[in-house]
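Grab a coffee and work through these exercises with the model open beside you. Each one sets a task and then walks through a solution.

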Amino acid sequence: MKPLLFAFGLVLAFGGMSAQKPVWQPSPGHTQVPIWSGSAPDPQPVAGPEFAETTAKPWMDTGRPATGVSNVTRPTMTVYSPQGKNTGAAVVVFPGGGYQGLAIDLEGTEVCDWLTPRGIMCVLLKYRVTDVGAYPKSGPYPESPMALEDAQRTVGLVRFHAAEWHVDPHKVGVLGFSSGGHLVAAMSTHFAKRLYPAVDAADKESCRPDFAVAVYPGHLSLSAAKWDARQGTKKFVIHYPATADKDLGLNPDIPVTHQSPPTFLLQAEDDHVDNVNDALAYYIALKNAGVPVEMHLYAQGGHAFGLRRTKLPITGWPRLVETWLGTIGMISE
């Protein structure tokens, strides 16, 4: 089992990249803003400077290449304002990439291109990723909490700027893919206390998401957690009840409670990167805790398809999310 293998990176590794490695920049009219005024907390070793690479060939069967960002040590957010009628809702987007890189367009900017015409503000988080060493990489792990810190900080910043950005502070959600989906679950269960000392007034705001969308998430089952614990330079002991189901039991680092936000889950049963049991384990835990949760499973789809249309039915999932956002009162149905 290899949960959260960086499938995107595997393609980049064999894609025949050019020697030049530029830094990613958002489209014209959008600006990256550092989320930390000074040095980010809990820095980790990094292999080199930040860079972006684009696949030499089209990604999967979508007809277009994909771009990944690596070695992020200075996290930023890029705000994409809603177009047309503003619903007041905002979504902080977490691209996937196994905590080793970020699929910045496939699971980032293209999400904003989908949501902003529907009156939803998008905040694309370029969180810290360092392709150094083995798992565990980040999230609610003892070894490396940096991505979760960046996510907590960003949700607080959105609420702090809510009036200025015309956002309803009670309609701030998170959406992520693969490791970004794991980060969604981490944010949904680790919001009562910041992992870092408060920096300014933004850190006094709640970082609890009002809703959460996790697309092919990983690291959520007990079996995945046990695999993670054996990978790093420091081994961890996973504490769990003896009666826990190793496949459908929940990762103990994702402590679901009834305060976890309403959640939408999407997964393909033939996903060989993040097993379908990750999403199922999280669904069961949310349901048992009385959290409103909607889950959609498809027989085919694989992993890392993002929003790009293919011949498979699973690629119609964005419309399902729009309907769900209406049913939970985040946007008008």
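**Exercise 1: The whole chain**

Work out how far apart in sequence the contacting residues of the chain tend to be.

Solution. Start with the cut-off: a contact means heavy atoms within 4.5 Å. Now take the contacts in the chain with a separation of 6 or more: 79% of them join residues 24 or more positions apart.

A quick note before going on: this is a predicted model, where local features need pLDDT of at least 70 and side-chain atom pairs count only at pLDDT 80 or more, while totals for chains, interfaces and linings use all residues. Residues are numbered from 1 along each chain as its sequence is written, and side-chain values use heavy atoms, with hydrogens and water left out.

**Exercise 2: Overall shape**

Check the chain's radius of gyration against the rule for a compact globule.

Solution. The radius is taken over C-alpha atoms, and the rule is 2.2 Å times the number of residues to the power 0.38. For 333 residues that puts a compact globule near 20 Å, and the chain's 18 Å agrees. Next, the box: along the principal axes, the C-alpha atoms fill roughly 50 × 50 × 45 Å. Inside it, the secondary structure comes to eight helices and 11 strands (DSSP runs numbered from the N terminus; helices are H or I with at least four residues, strands E with at least two). Last step, burial: 58% of the 333 residues count as buried, meaning under 20% relative accessible area, with exposed over 50% and partly exposed in between (1.4 Å probe, protein chains only).

**Exercise 3: An arginine in a loop**

Is Arg74 buried or exposed, and which residues does it touch beyond its sequence neighbours?

Solution. First find Arg74 in the loop between β3 (67-70) and β4 (76-80). Its relative accessibility is 57%, so Arg74 counts as exposed. Leaving aside neighbours within four places in sequence, Arg74 is in contact with Pro34 and Lys126. Ile35 is 39 residues away in sequence, yet its C-alpha is 8.3 Å from that of Arg74.

**Exercise 4: Cysteines**

How many disulfides does the structure hold?

Solution. The test is a pair of cysteine sulfur atoms within 2.5 Å. Searching the whole structure gives zero. Try Cys122: its closest cysteine sulfur, in Cys112, is 3.3 Å away, which is too far for a bond. Cys207 is in no disulfide either, with its nearest cysteine sulfur, that of Cys122, 19 Å away. Cys122 is buried at 0% relative accessibility, and Cys207 is also buried at 0%.

**Exercise 5: Covered helices**

Which residues of α6 are buried, and what helps cover them?

Solution. Helix α6 spans residues 222-229, and seven of its eight residues are buried, so it is largely enclosed by the rest of the structure. Those buried include Leu222, Trp227 and Asp228. The cover includes α7 (276-288). For a second case, go to α2 (residues 105-115), where 10 of the 11 residues are buried; Cys112 and Trp114 are among them.

**Exercise 6: Two tyrosines**

Where do Tyr99 and Tyr216 sit, and what are their phi values?

Solution. As background, most residues other than glycine have a negative phi. Tyr99, in the loop between β5 (90-94) and β6 (101-103), has a positive phi near 60°. Tyr216, between β9 (211-215) and α6, has a positive phi of about 35°. Finish with burial: Tyr99 is buried at 2% relative accessible area, and Tyr216 is buried at 0%.
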